[in-house]
Amino acid sequence: MDKFGREIFGYKKQEVNEIVKETIKKTEELIGRIKKQEEQISALQAQIIQYQKQELEYRNFLEKTAGNPEKIKKDALMEAEKIEKEARNNADRIISDAIERSERLETKSIKMKQSIKKCRNQLRTIIEQQIDTVEQIEDIELED
């Protein structure tokens, strides 16, 4: 609470408002990043499906080709498995990284929300104390 300057009846309202605005802005930015990463994850999952469809098409094509179909099929299957394995590894790594970043951002977002709640409660307490002080002053003035 040393961040805020003091006035006659408590902390400087403008400084408190600036901190609250900054906290809200950072929270909104984090939420935006999380949404963007979720979109990226969805796009990557769609790419995996596309690669699986392509693999099926390649397998069908190879089955229909002339020449030594068994050798072509065997070579193509090995190549397809290699490509699929590489694509899965890349996709898994990308998704894992995105999920990890998303979880970190979510944790930060939760901390920011908790900080905002704490700040609100502190502001509420300060305002209630200020109201009590004003009421006490009014009571003193009425007694005179």
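**Close-up views of a predicted two-helix, two-strand chain**

**View 1. Asp139 and the negative patch around it**. Asp139 is partly exposed, with a relative accessible area of 44% (buried means under 20% relative accessible area, exposed over 50%, and partly exposed in between, with a 1.4 Å probe and protein chains only). This is a predicted model, in which local features need pLDDT of at least 70 and side-chain atom pairs count only at pLDDT 80 or more, while totals for chains, interfaces and linings use all residues. Residues are numbered from 1 along each chain as its sequence is written, and side-chain values use heavy atoms, with hydrogens and water left out. Asp139 belongs to helix 2, which spans residues 69-143 (helices, H or I of at least four residues, and strands, E of at least two, are DSSP runs numbered from the N terminus). Together with Glu128, Asp132, Glu135 and Glu138, Asp139 forms a patch of negative charge on the surface (patches are made of residues with over 30% relative accessible area and no salt bridge, like charges being joined within 9 Å and nonpolar side chains, Val, Leu, Ile, Met, Phe, Trp and Tyr, within 5 Å).

**View 2. The whole chain as the setting for the close-ups**. The chain has two helices and two strands, and along the sequence these elements follow the pattern β-β-α-α. Of the 144 residues in the chain, 19% are buried. The accessible surface of the chain comes to about 11,800 Å², and carbon and sulfur atoms contribute 52% of that area (by the Shrake-Rupley method with a 1.4 Å probe; for residues, only the protein chains shown count as cover). Among the contacts in the chain with a separation of 6 or more, 69% involve residues 24 or more positions apart (contact means heavy atoms within 4.5 Å).

**View 3. Thr23, a buried residue of helix 1**. Thr23 is placed in helix 1, which covers residues 13-64, and Thr23 counts as buried because its relative accessibility is 13%. When its neighbours within four places in sequence are left aside, Thr23 is in contact with Met112 and Ile116.

**View 4. Glu22 and Lys26, a salt bridge within helix 1**. A search of the whole structure finds three salt bridges (a side-chain nitrogen of Lys or Arg within 4 Å of a carboxyl oxygen of Asp or Glu). In one of them Glu22 pairs with Lys26, and the closest N and O atoms are 3.1 Å apart. Both residues lie in helix 1, four residues apart, which is about one turn of the helix. Glu22 is partly exposed at 39% relative accessibility, and Lys26 is likewise partly exposed, at 40%.

**View 5. Glu84 and Arg88, a salt bridge within helix 2**. The side chains of Glu84 and Arg88 meet in a salt bridge, with a distance of 2.6 Å from N to O. Glu84 and Arg88 both lie in helix 2, separated by four residues, or about one turn of the helix. Glu84 is partly exposed, with a relative accessible area of 22%, and Arg88 is also partly exposed, with a value of 37%.

**View 6. Glu100 and Arg104, a further salt bridge in helix 2**. Arg104 forms a salt bridge with Glu100, and the closest N and O atoms are 2.9 Å apart. Arg104 and Glu100 are both part of helix 2 and stand four residues apart, about one turn of the helix. Arg104 is partly exposed, with a relative accessible area of 44%, while Glu100 is partly exposed with 42%.

Definitions and conventions:
Lys and Arg count as positive and Asp and Glu as negative; His and the chain ends are not counted. The place of a charge is taken as NZ of Lys, CZ of Arg, CG of Asp or CD of Glu.
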